[in-house]
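This briefing goes through the enclosed and open spaces of a two-chain model, then a helix contact, an annotated span and two points of backbone geometry. Please read it beside the sequence and the coordinates.

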Amino acid sequence: MSTTLELPATQAPSARLRDRLVRVAEAATTPLVPADYLDLFAPLRSGADLRGRIEQVHPETRDAATILIRPGADWAGHVPGQYVRIGIDVDGVRQWRAYSLTHGPRRDGRIAITVKAVPDGLVSNHLVHEARPGTLVHLEQAAGEFVLPDPGEGGHAKLLFVTAGSGITPVIGMLRNLFPSTDEGVLRTERLAHRDQHSAPDIVVIHVAPSHPDSIFIRDLEALGEAGAIRLVARYDDQHGLLDLADLETWVPDLQERRTFACGPAGLLDALQAHHQERGLTVTTEHFRTARVEPGEGGTITFADGKTLEADGATPILDAAETAGVLMPSGCRMGICFGCVLPLKEGAVRDLRNGEITTAVAGESRHVLVQTCISAAAGACHLDH
Amino acid sequence: MTAIQKKSDNPIAHLTPEDIEQLGRELDAIRQDVLDSRGADDAAYIRKVIKTQRGLELGSRAVLLFSVFPPAWVLGTAGLSVSKILENMEIGHNVLHGQWDWMRDPKIHSTTWEWDFATPAAQWQHSHNQIHHTYTNVIGKDNDLGYGIMRVDEDQRWSPFHLAQPLWCFLNAVFFEYGIAAYDLDLGATIKKKKLKDPDFQRRAKEVLAKVRKQATKDYVVHPLLSLPTGSFLPTVLANFTANTVRNLWGNSVILCGHFPEGVETFEKRSIEGETRGEWYLRQMLGAANISGSKAMHIMSGNLSHQIEHHLFPDLPSNRYAEIAPKVKALFDKYELTYCARPFPQQVYSAWHKVFRLSLPNGWLATTNVKNAPQQLKLLYAMSTKGPKVRRAAQARLTQEARRKEAAKSKAAEKETVAA
Ligand SMILES: Cc1cc2nc3c(=O)[nH]c(=O)nc-3n(C[C@H](O)[C@H](O)[C@H](O)COP(=O)(O)OP(=O)(O)OC[C@H]3O[C@@H](n4cnc5c(N)ncnc54)[C@H](O)[C@@H]3O)c2cc1C
Ligand code: FES
């Protein structure tokens, strides 16, 4: 009995003291919170919103760069192949995008992403050409299912990776983690121990790129190939013409025995999926662009409770929703009071005052807050309300 | 002033509906210019202001830990006053207007911000953004015209309560944050309508009380207690009270300057039925007054020194008002309208002058001279103590007499000019 009493008795005072101190700090800083002041000095501390500081921007090709980030103290680590969502201010506006982590867990605790600037791409161009060391970025914990199966389950004895363009990024993360000789910062992992016991995975990488100089991580891939860690089949559009999947079995005769992972443009992934399906095989894919939002005129508005309504391109969402009997927050109804702001989870809206389009891509841009009184649907819209 | 529609020399009579719509388009273009160039520099500006304010607050509060020493008290109190003013004016007011929502930073957003002021942000947003900014200076719709405790327009009916309005105005200035909280709660009207039991009112009242309690605990309990070890408990209480009062007086003065000085127009309720965007703009142009002055004046007033620009474009970032002011002024000139801008002391004087002037019934001052003073005082006494019927009759007489006098005066002036 005394032991059960003792435990809380020894723990409680310090815990209670901490609680009390926190409450005093909160009472001293209201209506802000202590974190608002601490953030001025230590934005990466434990307990803060997850952030990171860019430490290095290293060019890989003409239009790609690796960004080395020191994550905040609460970064929980990742499995190679996973991605991190990054929030960065471009022209003063917070934008969120996902980028694959291109290293395994590193001894120095840093994380790295490699970004390819896509034409007209807002965030990718900013990261590649404008981002400067010292910049604070916002992070979410790593996520994603594009990871190697647990080796304990006999998982990756024979693997095939098909990568195109920047689609190499999650795969290079896995490879660097498996073969640390190509990367000094990598920890020795359990998987490595397996390799030492002659259970090293047999890996083929088919990498597609527009040209050799445009190919991100090509030196790493070639080094891995020379060392015998992987068998590399590099296909360059300018040398070999466009990739034809019909050739796949000539490069990989034992395709049937392999587990396929693929990352690249949607067209390639779709074709590969069809190709494998025909042969009764499965393929694990990673899409960099899940859904595209092409603004149109009017569209279906969906609410959180599943209610939907059709709105035309000239009627404010507020009016359309109220006409349909949805209870909406509102105020001035003319765009000045911000009393009608709602989160747009997915879709596009048009500002009726100047035609400006605002889009939200599910899982990519996070929700975007829009004023419903001056916004009309510009395509299907999902409102979190 | 009198509602613009009733004026003999209506200052917008010369504008055709087409003029007004053209004016609206030109203002839209000014807005669009700012939207197109809004970006990283603006974001950096507000972040810098926030960082400066928080640093200043931390520093001042640290100094106040030793406020038993007079120099520390003076320094800490001055710093805290400036910090509270910045927090309310250039940061709080403008963030709550949604001026920085475009940054999509959840920490600097109109839907998440809470300020160092008694009234809860959401309640203020309703009465300020939704009511005042939409119905600016429309008599009977915009409660900001006198906040329900003052008469600031000839067209607002006089009642004996207004005799003491200079006192109300002064008390409201000193306890501004509580005045605003009561105002946002619609306390006066709720008491009058005997709706104190209304569940919605009760919920909002609870929110206000919770906020007031937290604010007061911070300023008058927690920080003084932290100062206790140096024996600075009472000096810290006093420092916080002083800083809150300085902020109250300053905020109140800036706000009086925005709509009450002479030269600002008011509007009849009828006039805004079916109002077009151009007409709304025009009402905002004439319904606000600017304070001319230095950059420091603009920042410390939360750029409400550019009240006209703010009322035209309440959602544009405040740091851009100064830059568009000349363009807006040029439109006033082009459309032959009066841009009401004066230095701070003049605007404050003008507003207070109006508060004093309108504490008396219309026409009373104009019809009073040394000879008839006793009768006039008797009349005023009757108007104040007898029922509304007497008041109405006396008012009619006063108005008529004042008008007759006015007419005689202008005739005399005419004769003089003819003679000259
Ligand atoms: C799970 C996941 C992992 C990702 N990992 C990486 C990575 O490691 N490296 C990397 O560079 N990117 C990666 N991306 C893509 C990245 O998130 C952005 O979509 C990409 O950088 C483009 O963003 P942007 O702001 O520059 O383009 P936007 O301004 O959003 O778009 C501009 C134009 O580019 C087109 N576009 C957008 N994305 C692509 C694309 N991926 N390919 C071709 N055209 C596009 C758009 O349709 C539009 O026309 C990943 C995406 C996901 C979902
Ligand atoms: S209702 Fe006022 S901004 Fe939309």
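**Cavities, a pocket and a contact between chains**

Sorted by class, the residues that line the second largest cavity are five nonpolar, two polar and two charged. The model is a predicted one, and a search of the whole structure finds four cavities of 30 Å³ or more.

**Second largest cavity**

- The volume of the second largest cavity is about 60 Å³, and its lining is made up of Ala118(B), Glu177(B), Tyr178(B), Val212(B), Gln215(B), Ala216(B), Asp219(B), Tyr220(B) and Asn244(B).
- Two elements of chain B, α6 and α8 (199-227), each give two or more residues to the lining of this cavity, and α8(B) gives the most, with five residues.

**Largest cavity**

- The largest cavity has a volume of about 330 Å³; it is lined by 25 residues, of which His93(B), Trp124(B), His128(B), Phe176(B) and Ile255(B) are the closest to its centre.
- The elements that give two or more residues to this lining belong to chain B, and they are α3 (70-96), α4 (121-132), α6 (176-185), α9 (233-259) and α12 (307-312).
- By class, the lining of the largest cavity holds 11 nonpolar, 11 polar and three charged residues.

**Second largest pocket**

- The second largest pocket, with a volume of about 1200 Å³, is lined by 37 residues, and the closest to its centre are Arg51(A), His138(A), Arg47(B), Asp105(B) and Lys107(B).
- Chain A gives two or more residues to the lining from each of α2, β1 (51-61), β3 (83-90), β4 (93-100), α3 (122-130) and β6 (136-139), and α2 of chain B does so as well.
- α2(B) gives the most to the lining of this pocket, with five residues, and the lining as a whole divides into 15 nonpolar, five polar and 17 charged residues.

**Helix contact between chains A and B**

- Helix α2 of chain A (residues 34-41) and helix α2 of chain B (residues 40-64) have axes that come within 11 Å and cross at roughly 105°.
- Angles of 65 to 115 degrees count as roughly perpendicular, and α2(A) and α2(B) are therefore roughly perpendicular to each other.
- On the side of α2(A) the contact is made by Asp36(A), Tyr37(A), Leu40(A) and Phe41(A), while α2(B) takes part through Lys51(B), Arg54(B), Gly55(B), Glu57(B) and Leu58(B).
- Counted by class, the contact of α2(A) with α2(B) has four nonpolar, one polar and four charged residues.

**Annotated span in chain B**

- An unreviewed UniProt entry places the feature "domain: Fatty acid desaturase" at residues 79-341 of chain B.
- In the predicted model, the end C-alpha atoms of residues 79-341 of chain B lie 29 Å apart, and the span is 56% helix and 2% strand.

**Backbone geometry in two loops**

- Where in chain A is Pro31(A) found? Pro31(A) is in the loop between α1 (2-29) and α2 of chain A, and the peptide bond that leads to Pro31(A) from Thr30(A) is cis, with omega near 5°.
- Arg104(B) has its place in the loop between α3 and α4 of chain B, and its phi is near 55°, which is a positive value in a residue other than glycine.

Methods
Residues numbered from 1 in each chain as written. Chains lettered and ligands numbered in written order. Predicted model: local features only at pLDDT ≥ 70, side-chain atom pairs only at ≥ 80, totals over all residues. Heavy atoms only, no water. 1 Å grid on protein atoms, 1.4 Å probe; cavity = no way out; pocket = protein on both sides within 12 Å on 5 of 7 lines; lining within 4 Å. Points joined across faces, edges and corners; volume = space filled by probe spheres on them. Helix = DSSP H or I, 4+ residues; strand = E, 2+ residues; numbered from the N terminus. Nonpolar A, V, L, I, M, F, W, Y, C, P; charged D, E, K, R; others polar. Axes fitted to C-alpha atoms, helices over the stretch in contact; angles between N-to-C directions. Parallel < 35°, antiparallel > 145°, perpendicular 65-115°, else oblique. Contact = heavy atoms within 4.5 Å. UniProt positions renumbered as here; feature names shortened; annotations may be inferred.
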